Amino acid sequence: MEKMATRQNAVINHPQTSDSKRVTLNYTQNPQGDNLEFTTKKGLFRKIKARLESLSKLPYLRKDKNKEELSEVLLKKGVQRRDFMKWAAVITTSLGLPASFAPLTARAAELAGRVPIIWLHMAECTGCSESLLRSEDPGIDSIIFDYVSMEYHETIMAASGYQAEKSLEDAVKTYSGRYIMMVEGGIPKNTEYFLTVGAHGRTGAEECRHVAEHAAAIFAIGTCSSFGGVQAAAPNPTNAQPLTEIISKRVINIPGCPPSEKNIVGALIHYILFQELPAVDAFNRPKWAYGHRIHDLCERRGHFDAGEFVQSFGDENATKGFCLYKVGCKGPYTFNNCSKLRFNSHTNWPIGAGHGCIGCSEPNFWDTMSPFEVPLGNRYQTAFSGAGADRTADTVGIVLLGVTAIGIAAHAALSGVIKPK
Ligand code: SF4
Ligand code: SF4
């Protein structure tokens with residue numbers, strides 16, 4: 001029988017839009033094997049390409065770098081095109097996109113100089129900025145972040161006092177409705193005057209509310225702006241709060257202490273590609289970055305499963321690369337992609353270097369995950385009220401956590417972690 005092309009309608013859940021958003025598509029099933037996935041991918045590819053083309057028509061915003069294209073900047077820093085494309089491939093797959101979309105990711109990075117960003121500092125150590133900007137041997141993420149149109153960032157701008165305030169106002173006014181707001185640091189609430197900023201002594205909360213009002217997208221960068229951070233640790237004397245407690249607009253959290261540069265730059269690239277906010281978990285973290293537990297992809301996981309643990313730092317088991325759970329690793333309770341993307345140009349990460357994860361991308365980790373070198377399993381029932389205040393992002397995560405908790409309990413019992421009362 002002769003094969004005939006058939007046209008159908010399909011309704012799918014789009015993986016890169018909010019869960020509730022459903023997209024209706026027409027697609028053709030034909031003898032060449034075109035299928036829903038292929039046509040959907042193609043449609044998405046075209047859609048993104050069209051967005052990028054329209055973005056490319058917007059004026060280049062950076063005033064201080066002789067309007068150099070990103071390719072020129074990268075070459076000057078010794079980064080070859082091939083390395084840049086490899087970087088684009090990593091970001092593309094991290095965002096959950098097909099590998100064939102890598103050229104679009106590369107193009108989005110090249111267009112980052114057309115997207116205005118306002119970065120606010122609240123109560124924090126500036127570690128998130130520092131980790132991104134002060135690298136002696138900057139990776140591609142750092143170079144791209146140096147390349148974006150940063151309209152206001154107190155750490156790197158020359159202006160201060162009234163001049164700095166004017167820069168902020170000018171940026172808000174000029175790019176109203178277009179700029180991305182990024183906030184680093186916790187923000188005192190009610191006791192707002194614990195944090196004042198600028199020549200007029202505006203409170204941090206006032207500044208956030210003002211800038212948020214005209215922002216196109218808002219990102220809380222680091223655990224402090226996402227969840228309060230160290231200044232919100234008990235007894236939280238300044239009543240520091242996450243950005244979500246200060247403003248009423250939607251906030252995407254990029255937690256970490258500091259967050260990985262790939263997660264910060266990835267959030268920016270995602271926004272440039274889609275011009276909409278990503279699907280998030282229960283703590284408003286993008287699922288593409290915080291969808292898996294550290295434990296799930298950890299290189300020491302085989303040792304955990306085999307019950308092979310480092311008993312104390314520097315022991316023989318440590319030299320064998322055994323699991324760090326018994327010296328306090330919080331990887332089983334922590335959602336982040338460090339085990340996959342690592343740090344310092346993918347060279348290493350904390351667990352690779354021999355210290356357990358301290359859970360830095362989880363809410364209230366200073367209180368709930370410390371002491372950092374003691375296993376949490378010993379006090380699982382008390383610290384987390386049994387069910388788990390580290391309750392995972394979604395149902396799947398909850399189930400996984402339950403399985404992990406059982407695994408941990410079994411390992412603890414077998415290896416004598418729980419001391420007899
Ligand atoms: S407990 Fe920590 S070190 Fe051990 S496998 Fe899990 S994440 Fe890796
Ligand atoms: S390994 Fe854990 S503590 Fe270290 S950066 Fe990743 S989430 Fe944070």
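Ala, Val, Leu, Ile, Met, Phe, Trp, Tyr, Cys and Pro count as nonpolar, Asp, Glu, Lys and Arg as charged, and the others, Gly among them, as polar. In this predicted model, the residues of the shell around ligand 2 divide on that basis into eight nonpolar, five polar and no charged.

**Around ligand 2**

The shell of ligand 2 holds 13 residues, and the closest are Asn 336, Cys 338, Pro 350, Cys 357 and Cys 360. Three of these names return in a record: an unreviewed UniProt entry carries the annotation "binding site" for Cys 338, Cys 357 and Cys 360. These cysteines span 23 residues in sequence, yet no two of their C-alpha atoms are more than 10.9 Å apart, so they gather at one spot.

Two of the annotated cysteines can be described further. Cys 338 lies in helix 14, which runs over residues 338-341. Cys 357 sits instead in a loop, between helix 15 (350-353) and helix 16 (365-368).

Are these two residues buried or exposed? A residue is buried if 20 or more other C-beta atoms lie within 10 Å of its own. Cys 338 has 24 such neighbours, so it counts as buried. Cys 357 has 29 and therefore counts as buried too.

The table lists the contacts of both residues, leaving out residues up to four places away in sequence.

| Residue | C-beta neighbours inside 10 Å | Contacts |
|---|---|---|
| Cys 338 | 24 neighbours | Ser 260, Ile 294, Trp 349 |
| Cys 357 | 29 neighbours | Ile 294, Cys 329, Lys 330, Gly 331, Thr 334, Pro 350, Ile 351 |

Ile 294 appears in both rows. Pro 350, a contact of Cys 357, is also among the closest residues to ligand 2.

**The protein as a whole**

The protein has 18 helices and eleven strands. Of its 421 residues, 42% count as buried. Among contacts with a separation of 6 or more, 69% join residues 24 or more positions apart.

**Nonpolar cores**

In soluble globular proteins, nonpolar side chains tend to be buried together. Here the largest nonpolar core has 76 residues, of which Met 181, Cys 208 and Phe 219 touch the most other members. Helix 10 (residues 261-274) gives the most to this core, namely seven residues. Leaving aside residues up to four places away in sequence, Phe 219 touches Ile 180, Met 182, Ile 252, Ile 254 and Ala 267.

A second, separate core has 24 residues, including Phe 322, Ile 351, Ile 358 and Met 369. One of these, Ile 351, is also a contact of Cys 357.

Conventions
Residues are numbered from 1 along each chain as its sequence is written. Chains are lettered from A and ligands numbered from 1 in the order in which they are written. This is a predicted model: local features need pLDDT of at least 70, side-chain atom pairs count only at pLDDT 80 or more; totals for chains, interfaces and linings use all residues. UniProt positions are given in the numbering used here, feature names are shortened, and annotations may be inferred rather than shown by experiment. Helices (H or I, at least four residues) and strands (E, at least two) are DSSP runs, numbered from the N terminus. A residue is buried if 20 or more other C-beta atoms lie within 10 Å of its own, exposed if 12 or fewer, and partly exposed in between; C-beta atoms are placed from the backbone. Two residues are in contact if their C-beta atoms, placed from the backbone, lie within 7 Å. A nonpolar core is a set of buried Ala, Val, Leu, Ile, Met, Phe, Trp, Tyr and Cys residues joined through C-beta atoms within 7 Å. A residue is near a molecule or strand if its C-beta atom, placed from the backbone, lies within 6 Å of it.
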